[in-house]
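Biologist: Please give me a close reading of the sulfur chemistry in this model, and then set that part in the context of the surrounding fold. I should like the reasoning behind any assignment to be explicit.

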Amino acid sequence: MTLSIESVKQGYQGNIVIDDISFDIGKGEMVSVLGPNGSGKSTLIKTVCRILKPISGRVAVDGVSIRDMDPKEFSHVIGYVPQKYMPSDYMTVFDSVLIGRAPYMSWSYSDNDFSHAEKAMDRMGIFELAEKYVNDLSGGQMQKVVLARAIAQDPDYFILDEPTSALDLKNQMLALRTIRNVISNGRSGALVALHDLNLAMHFCDNVILLKDGRIYSSGKPADAITEDSIREVYGVSSEILEGRDGPFVHILEDKIEDVSDL
């Protein structure tokens, strides 16, 4: 099964935000969308999740447009984690995660649904929060709840919009490692919008680097994330260094334009 983004164009009120975007994601594969603020990452994510209807092009799974799927079929295919999530007051963490099993319900949740929710919470390290109300959680804890809900949903493809934005360094690694482990059996894939180039280099199979709404470079992280592409896309100089766990990006601070007076 392949998720295909085919010549997608998207925009708002006549302004084109992304244009002629095409790439595929297979099962067992994690692909990251990278780029500076305003480059179109979230717009692309929302189009893939059919929150936004493309101006042209389409998103399809094995040749079937996601816009032709009924809601239940779509929820089996796509599990979306938004950049910002507004929790329902006085819902427990367990109930919030269990909602991920709604696509599989007949009359009520089954023991299998409860088991999926419990395993998802355990994977995200939030099992001890099960009886807490979500409106009492920190932003980072809530982010982990939403990720656990997506894992409980067990979709064919996880579509994650900056899933590490509210997390500290340790939990950023935990979150992406967990998604990486979930898809490693080849039953699902993941599209992840990220800001951190090093996280993308460490966890992702392929990356899509956006500039002004178009693909500037794509491919394996080491091929697409280069000193030249970072300079052209982000406007900063960098070094690609070899570390213990592979290459990483070091931004050269003295080469960044001083914008303090702007």
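**Disulfides and their surroundings**

Modeller: With a disulfide taken as a pair of cysteine sulfur atoms within 2.5 Å, the count comes to 0 disulfides. The coordinates come from a predicted model. Why does C49 form no such bond? The closest cysteine sulfur to that of C49 belongs to C204 and lies 16 Å away, which is too far for a bond. Viewed from the other side, C204 takes part in no disulfide, since C49 supplies its nearest cysteine sulfur, at 16 Å. With the limit for burial set under 20% relative accessible area, C49 counts as buried because its relative accessibility is 5%. C204 is likewise buried, at 7%.

I turn next to helix 1 and the sheet that carries it. This sheet is open and consists of 4 strands in the order 2-1-4-5, with antiparallel pairing. Its edges are strand 2 (15-26) and strand 5 (64-65), each of which pairs on one side only. Strand 1 (residues 2-12) is joined to strand 2 by 8 bridges in the antiparallel sense. Two positions fix the register: S4 faces D24 of strand 2, and G11 faces I16 of strand 2. Helix 1 (residues 41-48) packs on this sheet and touches strand 1, strand 2 and strand 4 (56-61). The direction of helix 1 makes about 120 degrees with that of strand 1. Helix 1 is mostly covered, with 6 of its 8 residues buried; these are K41, T43, L44, I45, T47 and V48.

Several backbone angles merit inspection. Most residues other than glycine have a negative phi. R50, which follows helix 1, has a positive phi near 55 degrees. Strand 1 and strand 2 form a hairpin with 2 residues between them, and Q13 in that turn has a positive phi of about 50 degrees. D62 is not a glycine, yet its phi is positive, at about 50 degrees; this residue lies in the loop between strand 4 and strand 5.

The other sheet is also open, with 6 strands in the order 6-7-8-3-9-10 and mixed pairing. Strand 6 (78-81) and strand 10 (214-219) form its edges, each pairing on one side only. From one strand to the next, the twist averages 15 degrees. Strand 3 (residues 30-34) and strand 9 (residues 206-211) run parallel and are joined by 4 bridges. Within that pairing, V31 has N206 of strand 9 as its bridge partner. Helix 5 lies across strand 6 and strand 7 (157-161), and it runs at about 175 degrees to strand 6.

The packing of nonpolar side chains can be described alongside these elements. The largest nonpolar core contains 49 residues, and those with the most contacts inside it are M30, L34, V93, V97, I126, F158 and I225. Helix 5 (residues 139-153) contributes the most to this core, with 8 residues. A second core of 26 residues is separate, and its members include I5, V8, I21 and V61. L34 shows how distant parts of the chain meet: with neighbours within four places in sequence set aside, its contacts include K41, L194, L197, V207, I225 and Y234. K41 is also one of the buried residues of helix 1.

One polar site completes the picture. D154 is found in the loop between helix 5 and strand 7, and its phi is near 55 degrees, a positive value in a residue other than glycine. Is D154 buried or exposed, or does it fall in between? It counts as partly exposed, because its relative accessibility is 24%. The side chains of D154 and R187 are joined by a polar contact of 3.2 Å. R187 belongs to the loop between helix 6 (169-183) and strand 8 (189-193), so this contact links two loops. Leaving aside neighbours within four places in sequence, R187 is in contact with K27, D154 and D156. R187 and L160, by contrast, are 27 residues apart in sequence and 17 Å apart in space, C-alpha to C-alpha.

To return to the request: there are 0 disulfides, and C49 and C204 have their sulfur atoms 16 Å apart.

Key
Residues numbered from 1 in each chain as written. Predicted model: local features only at pLDDT ≥ 70, side-chain atom pairs only at ≥ 80, totals over all residues. Heavy atoms only, no water. Core = buried A, V, L, I, M, F, W, Y, C linked by side-chain atoms within 4.5 Å. Buried < 20%, exposed > 50% of the residue type's maximum accessible area, 1.4 Å probe, protein only. Contact = heavy atoms within 4.5 Å. Pairing = 2+ DSSP bridges. Axes fitted to C-alpha atoms, helices over the stretch in contact; angles between N-to-C directions. Polar contact = N/O pair within 3.5 Å; in protein donor to acceptor, adjacent residues only side chain to side chain.
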